[in-house]
Amino acid sequence: MWKSKSVKGSRGQMRVVEAIMASLIVVSAVVFLYIFTATPSSSTYETGELEKIGHNVLHDIDEQRLLARYIYNSPPEWANLTAALMVSLPTDVYFNLTVYDLNGNAKNNVMVSYGSQQIFTTSKAVASVTYIVPGYKTIYDPRIVVLQLVRG
Amino acid sequence: MTGEAYDHLAAVVVLCTIFVFAVFVVPSLAYVNLLYLEQQQLRNVALSAIKTILFDEGYPANWGSMHGLSQFNQSDVKRFGLALLSDPSLYVLDPAKVQRLAYNPMGNFSYSRVRELLGLTGYDFTIVLRPQFSVDKDVTISSDKKSISFNVNVSRYDGQPVPNAIVYATIIYTLKGNKPDEFDTKAINMEKKYTDSLGRCKGTATIPVPSGWEIRDAAVIFRVTVADRATIVVSKQSTPNPDDAAKVSLVGDYIIARIDESLPGSKDARWICSIMMYNFETSINLYNATVPPWGDPDLQKGFRDIWSMILPGLSYGEPAILIFTIRTDIEDKGGRTIVLLIGPYTMWSQGGVIEFNPGAVTSGASVSLQRDVIIAGMAYIAELRLWKTK
């Protein structure tokens, strides 16, 4: 009698273990799918939109003949460039801008940025826009403007 | 026996957990993914729509001004787009087309027609065109009617103040004397001012008012620049309501003033005394008829509903603001008065912000895209919000 009861109990425990294992399999399958599915919210889509916004804003400032003036004036108008980007970009977008010459040397000795710098290293969706300014007035002296954007 | 009870209890708990997971967690995960998928579909549709709106001229290419002095007929437009005709630059919009998006006394687009032309059946959208930064302003005439003061508050749209913005103010005012037809319209340019750390600035102008005269009406045009990115806004003392005098449209080279029955006192006579045009660079007197004899009224319901004037080449001057001085009797019954009217009505009726189909998003997923655009030489932000029709 005692033996039969013990066997019955072991069978019940095994069923519980089976149920737990089955549920773990279901959960892990769902989690696996969730992690590896390329959802439309992934960084590819977000950076694509930020790149369009960045190019549009640089083009617009350049079209108003301000971008070259900010960069080439002596001294360069980095504060004005920062302010112009701040009012032109959406309020939830942070930026970091660097101006290079053709040899890859950074020309801005002050930060042209808005928002915490940490977000540019931690965010998975940082967009980068490259825009070339050929020169100012009659002088050919190309500058490469690299604008990094991230949504805050 | 006790062990079995525990086993069954454990089985019940596990089953309940699986049930909850299956009923609530799995669908919600699927819903999130579906929402993302819907958002991505919306984003693709919105990208295509905003490209058409900003880069396409539409057909006919001059649809914004093709009807001239006639009422605008939206069914004559076969393709929708706001781009300026023959402008090689991107993101430059035609002011005549933009004016057809909001209420316009000479006719405007209906939301359903634009939706049809854009092929957005099954979707709803809002188009917003607004200056690059927000400028709150007010203008007051002192109680002794001898001075005009203004306050300006410049901020980003998230409320963050913009310090060191340069504010140029041009005050336009009308003076009225003792005699019925004694009046004058003048303008003064204030010295440039800078906003403080909270984005605020204020100014007062003491007006040289001749004895027996008083300031009757005042408007201030503010040209606000942040890093030489400029915006123009205009503010007027709130009474009398200038829209009660007439509503002004600008169609190509035509300036049109129209009166309609819904305006208070629409049967009263109005005489247009002067028109001044302002843009970023210049202010130009376009019309002056301030000296009697006045002749027949320029506007009077049932007698003359529309007044118009063509100024060849006007559209190339990119007029941002038109200031009308109108002699009328809308304020004091039986006595003439003089009011300043700001136009074009479409551009300035909501403080320089144009909203086409304003309203709340009515479905779960929505997207918002924004681009910088140029309208009449001024930088604006164009925003398209799109969502699925419920």
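## A one-sided helix in chain B

In helix α3 (residues 111–118) of chain B, the buried residues are Val114(B), Arg115(B) and Leu118(B). Around the axis they span an arc of only 100°, so they sit on the same side of α3(B). Just past the end of α3(B) comes Gly119(B), with a positive phi of about 70°.

All of this is read from a predicted model, so here is how confident the predictor was before we go on.

## Confidence

The model comes with an ipTM of 0.73 and a pTM of 0.78. Chain A has an average pLDDT of 83, and 84% of its residues score at least 70. For chain B the mean pLDDT is 83, with 91% of the residues at 70 or more.

Broken down by element, chain A is at its lowest in helix α1 (residues 2–36) of chain A, where the mean is 70, and at its highest in strand β1 (residues 93–100) of chain A, at 94. In chain B, the low end is helix α4 (residues 345–348) of chain B with a mean of 73, and the high end is strand β7 (residues 193–194) of chain B with 94. A general reminder: where pLDDT is low, the predicted coordinates shouldn't be read in detail.

## Two sheets in chain B

One open sheet in chain B has three strands, ordered β3-β4-β8 (chain B) and paired antiparallel. The edges are β3 (134–141) and β8 (200–206) of chain B; each has a single partner strand, so one side of each has no neighbour in the sheet. From one strand to the next, the twist averages 15°. Eight bridges link β3(B) to strand β4 (residues 147–155) of chain B, in the antiparallel sense. As for individual pairs, Val135(B) has Val154(B) in β4(B) as its bridge partner.

Another open sheet is built from four strands in the order β14-β13-β16-β17 (chain B), with antiparallel pairing. Here β14 (283–288) and β17 (337–343) of chain B take the edge positions, and because each has a single partner strand, one side of each is left without a neighbour in the sheet. The twist in this sheet averages 20° from one strand to the next. Strand β13 (residues 271–278) of chain B and β14(B) run antiparallel, joined by five bridges. Across that pairing, Tyr278(B) stands opposite Ser283(B) in β14(B).

## Backbone oddities

Most residues other than glycine have a negative phi, and most peptide bonds are trans. A few spots here go the other way. Lys145(B) isn't a glycine, yet its phi is positive, at about 60°; Lys145(B) lies in the loop between β3 and β4 of chain B. Asn164(B) has a positive phi of about 60° too, again without being a glycine, and its loop is the one between β4 and β5 (166–176) of chain B. Lys145(B) has 15 C-beta neighbours inside 10 Å, so it counts as partly exposed. Asn164(B) also counts as partly exposed, with 15 C-beta neighbours inside 10 Å.

Then there are the cis peptide bonds. In chain A, the bond from Ser74(A) to Pro75(A) is cis, with omega near -5°; Pro75(A) sits in the loop between α3 (67–72) and α4 (78–88) of chain A. In chain B, the bond from Tyr59(B) to Pro60(B) is cis, with omega near -5°, and Pro60(B) belongs to the loop between α1 and β1 (92–93) of chain B.

## Chain A

Chain A has five helices and four strands, running α-α-α-α-β-β-α-β-β from the N terminus. It has 152 residues, of which 22% count as buried. Counting contacts in chain A with a separation of 6 or more, 63% are between residues 24 or more positions apart.

Asp62(A), in helix α2 (residues 43–63) of chain A, gives an example of two residues far apart along the chain: its C-alpha atom is separated by 8.5 Å from that of Val133(A), 71 residues away in sequence. Asp62(A) is partly exposed, with 15 other C-beta atoms within 10 Å.

## Where the chains meet

How many residues does each chain bring to the contact? Chain B supplies 34 and chain A 29. On the chain B side, α1 (2–55) and β19 (366–375) of chain B each provide at least two residues. The biggest share of that side comes from α1(B), with 17 residues. Sorted by class, the side of chain B that touches chain A has 18 nonpolar, eight polar and eight charged residues.

Methods
Residues numbered from 1 in each chain as written. Chains lettered and ligands numbered in written order. Predicted model: local features only at pLDDT ≥ 70, side-chain atom pairs only at ≥ 80, totals over all residues. pLDDT = per-residue confidence, 0-100. Contact = placed C-beta atoms within 7 Å. Nonpolar A, V, L, I, M, F, W, Y, C, P; charged D, E, K, R; others polar. Buried ≥ 20, exposed ≤ 12 C-beta atoms within 10 Å, placed from the backbone. Arc of directions from axis to C-beta. Pairing = 2+ DSSP bridges. Axes fitted to C-alpha atoms, helices over the stretch in contact; angles between N-to-C directions.
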